[in-house]
Amino acid sequence: MMVGHVSGVAIAGIIFSLVISMGLPIVLAILARNKLHAKMSALGIGALTFFLFALTLEQMLHMVMLGAAGDVLNGNLWLYALYGGLAAALFEETGRFVAMKFWMKKTLSKENSLMYGVGHGGIEAVLIVGMTYISNLITVFMINSGQMESQLAAIEEGPGKELAIQSISVLWTMPGYQFFLAGVERISAVVLQICLSYLVYRAVKYGEKKFLFAALGIHFLVDAVTVLLSNTVPLVVLEIVLLVAVAALVLWVKKMYGAESAANRDFNL
């Protein structure tokens, strides 16, 4: 198999998704700091909590579960979706609850809850998409300049060389427009994390546990449905569904946020 050529559309999509995943969290953090006067410490706590609960504890569970029942989970799409959605919801929302109740006890406010969400969703975007797409962009330039083919030519023929080519072939075989979808998906994901952070904030600040269960349920549904739809519908359709769902959640959270702000103003009069 020869090394192909990565199209301009694919390159544009990679750059778009890279800019979104790395730039959106920065822009949102600046806006939250300047417009809402949220504390940067909340951003750091959100990022740290995601790393601890999602990238460490949740991954430990996955290693155990996939080692013990990997064939069962991988062989049943519905079971895999249910397990993945439940694990993500439990670990991330529990982490959010713990962080806000104990680590943000003195700084917990509606503004800081949004900043927390920027940190949580932002570090996820950077690590999952940003770092991957930096690597992709470097690889693309090596492919189109001929450097990659020269390097592969120096590798002895065999399974190792075939595996190397297969691992990068997606860059010229996948339709170019699909590289834009990673950026679109990160927009939905970051906004979702901000909304979920506000819901958990309400549960901690006012003892309204219904909002914690709402966050758990929404997170579970989004992740489980994403797994199911990614295997049954085109990716464009999946991203449209996610955008619509997150937009509806934004409207609900915005309404509650505004009502809380109005109530606080009335209380201070």
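This briefing describes the fold, surface patches and selected residues of one protein chain. The structure is a predicted model. Its protein chain contains nine helices and zero strands, and 44% of its 269 residues are buried. Two surface patches are described below, a nonpolar one that includes Phe-51 and Ile-134 and a positive one that includes Lys-209.

**Overall architecture**

- Read along the sequence, the secondary structure of the protein chain gives the pattern α-α-α-α-α-α-α-α-α.
- The C-alpha trace of the protein chain spans about 75 × 45 × 30 Å along its principal axes.
- Of the contacts between residues at least 6 apart in sequence, 82% join residues at least 24 apart.
- The protein chain has an accessible surface of about 14000 Å², and carbon and sulfur atoms account for 70% of that surface.
- The protein chain carries 17 positive and 16 negative charges, and the mean positions of the two sets are 20 Å apart.

**Nonpolar surface patch**

- A nonpolar patch on the surface is formed by Phe-51, Leu-55, Leu-127, Ile-128, Met-131, Ile-134 and Ile-138.
- Together these residues have about 590 Å² of accessible area.
- Helix 2 (40-74) and helix 4 (110-144) are the elements that give two or more residues to this patch.
- Helix 4 supplies the largest share of the patch, with five residues.
- Ile-134, one of the patch residues, is located in helix 4.
- The relative accessible area of Ile-134 is 32%; because this value falls between the limits of 20% for buried and 50% for exposed, Ile-134 is classed as partly exposed.

**Ser-135 in helix 4**

- Ser-135 also belongs to helix 4.
- With a relative accessible area of 41%, Ser-135 is partly exposed.
- Ser-135 and Val-19 are separated by 116 residues in sequence, while their C-alpha atoms are 13 Å apart in space.

**Positive surface patch**

- Lys-101, Lys-105, Lys-106 and Lys-209 form a positive patch on the surface.
- Lys-209 lies in helix 8, which covers residues 209-230.
- Lys-209 is partly exposed, at 41% relative accessibility.
- Lys-209 can belong to this patch because its relative accessibility of 41% is above the 30% that patch residues must exceed.

**His-219 in helix 8**

- Helix 8 also holds His-219.
- His-219 has a relative accessibility of 2%; because buried means under 20%, His-219 counts as buried.
- Leaving aside residues up to four places away in sequence, His-219 touches Ala-88, Ala-89, Glu-92, Glu-93, Arg-96, Gln-193 and Leu-196.
- The residues that His-219 touches thus include the charged side chains Glu-92, Glu-93 and Arg-96.

**His-37 in a loop**

- His-37 is placed in the loop between helix 1 (8-35) and helix 2.
- The phi angle of His-37 is near 60°, a positive value in a residue other than glycine.
- His-37 has a relative accessible area of 61%; because exposed means over 50%, His-37 is classed as exposed.

Key. Residues are numbered from 1 along each chain as its sequence is written. This is a predicted model: local features need pLDDT of at least 70, side-chain atom pairs count only at pLDDT 80 or more; totals for chains, interfaces and linings use all residues. Side-chain values use heavy atoms; hydrogens and water are left out. Patches are made of residues with over 30% relative accessible area and no salt bridge: like charges are joined within 9 Å, nonpolar side chains (Val, Leu, Ile, Met, Phe, Trp, Tyr) within 5 Å. Accessible areas come from the Shrake-Rupley method with a 1.4 Å probe; for residues, only the protein chains shown count as cover. A salt bridge is a side-chain nitrogen of Lys or Arg within 4 Å of a carboxyl oxygen of Asp or Glu. Helices (H or I, at least four residues) and strands (E, at least two) are DSSP runs, numbered from the N terminus. Buried means under 20% relative accessible area, exposed over 50%, partly exposed in between (1.4 Å probe, protein chains only). The place of a charge is taken as NZ of Lys, CZ of Arg, CG of Asp or CD of Glu. Contact means heavy atoms within 4.5 Å.
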